[in-house]
Amino acid sequence: MKLEFNVILILFLACNLCGCSAEKGWSRHEKQLINGENSTMRVLTVYDKEDSVVLRKPCSDMGKEMIAGPEYRRLEEKMIATVTSPEQDGVGIAGPQVGISRRIVAVQRFDKETEPFEVYPNIRIIERRGEKQDGNEGCLSVPGMKGTVPRYQDISISYTSTRTFKDTTENVKGFTAVIFQHETDHLDGIIYTDYL
């Protein structure tokens with residue numbers, strides 16, 4: 001009986017440490033970050049020890065209730081405001097970069113007319129096609145550095161639709177596919193410098 005309890009306890013702790021816990025809602029800390037007074041959020045960097053722990057933690061999915069709620073809408077707005085701010089001027093940002101360990105990214109869609117920023121909850125890359133091509137990358141969480149990273153130019157993504165709350169798939173090509181790969185790497189605790 002004691003051995004069985006210890007195994008369950010170890011599995012529970014391991015699951016929480018790797019970020020796979022099935023939280024029913026936003027944590028108090030997440031709500032504080034999302035509902036803060038500023039219109040933008042602080043971008044975490046690898047140069048700060050505490051930030052690095054957050055950036056390396058695999059992220060959790062969000063349930064329908066979370067995506068349908070006001071905190072999600074506010075997070076969308078703040079992530080876009082952050083990545084497009086003059087201080088950042090990026091093409092994508094992921095949840096952990098603003099201290100939110102959830103599977104959410106904001107990506108500039110260069111493959112669409114007007115090149116809008118769009119936000120994708122519970123995103124995953126489900127297919128990669130063709131050959132990888134080298135490209136120059138930087139990262140808001142690794143300021144002052146750039147490097148060459150091989151990425152696929154043709155991928156399929158899966159995410160939760162904010163209108164229907166159902167899984168949606170989409171094919172993405174070109175530079176936008178590269179951005180998606182970079183940002184979804186963040187959700188698994190991977191930073192582009194890991195490839196260098």
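Here are four short exercises, with worked solutions, on a predicted model of a single chain.

**Exercise 1. Work out the order of the helices and strands along the chain, starting from the N terminus.**

Begin with an inventory: the chain has six helices and six strands. Next, walk along it from the N terminus, and the elements read α-α-α-α-α-β-β-β-β-β-β-α. Then turn to the contacts between residues at least 6 apart in sequence: 67% of them join residues at least 24 apart. To finish the overview, look at burial and surface. Of the 196 residues in the chain, 43% are buried. The exposed area comes to about 10900 Å², with carbon and sulfur atoms supplying 53% of it.

**Exercise 2. Compare the reach of helix α5 with its expected span, then find what its buried residues pack against.**

First, take the ends: α5 covers residues 70–84, which is 15 residues. From first C-alpha to last, the helix reaches 21 Å, close to the 21 Å expected at 1.5 Å a residue. Second, pick out the buried positions of α5, which are Glu71, Tyr72, Leu75, Glu76, Lys78, Met79, Thr82 and Val83. Third, follow their packing: the partners are the helices α2 (28–34) and α4 (64–68), along with the strands β1 (92–94), β2 (104–108) and β3 (117–121).

**Exercise 3. Decide whether Lys78 is buried or exposed, and list its contacts beyond four places in sequence.**

Start by placing the residue: Lys78 sits in helix α5. Now apply the cut-off, under 20% relative accessible area for a buried residue. Lys78 has a relative accessibility of 2%, so it counts as buried. Then look for its company. Leaving out residues up to four places away in sequence, Lys78 touches Leu33, Ile34, Asn35, Gly36, Asn38, Ser39, Thr40 and Met41. Take Ile34 as a check on distance: it is 44 residues from Lys78 along the chain, yet their C-alpha atoms are separated by 7.6 Å.

**Exercise 4. Describe the largest pocket by its volume, its lining and the character of the lining residues.**

Volume comes first: the largest pocket holds about 390 Å³ of space. For the lining, count 21 residues, with Val91, Glu137, Gly138, Cys139 and Lys146 nearest the centre of the pocket. Now assign lining residues to elements. Both β4 (124–138) and α6 (174–187) supply at least two, and α6 gives the most, with six residues. Last, sort the lining by character: nine residues are nonpolar, eight polar and four charged.

Note on methods: Residues are numbered from 1 along each chain as its sequence is written. This is a predicted model: local features need pLDDT of at least 70, side-chain atom pairs count only at pLDDT 80 or more; totals for chains, interfaces and linings use all residues. Side-chain values use heavy atoms; hydrogens and water are left out. Helices (H or I, at least four residues) and strands (E, at least two) are DSSP runs, numbered from the N terminus. The expected span of a helix is 1.5 Å times one less than its number of residues. Buried means under 20% relative accessible area, exposed over 50%, partly exposed in between (1.4 Å probe, protein chains only). Contact means heavy atoms within 4.5 Å. On a 1 Å grid over the protein atoms alone, a cavity is a set of points where a 1.4 Å probe fits but cannot get out, and a pocket is an open set with protein on both sides within 12 Å along at least five of seven lines; lining residues have an atom within 4 Å of a point. Grid points are joined across faces, edges and corners, and a volume is the space filled by probe spheres set on the points. Ala, Val, Leu, Ile, Met, Phe, Trp, Tyr, Cys and Pro count as nonpolar, Asp, Glu, Lys and Arg as charged, and the others, Gly among them, as polar. Accessible areas come from the Shrake-Rupley method with a 1.4 Å probe; for residues, only the protein chains shown count as cover.
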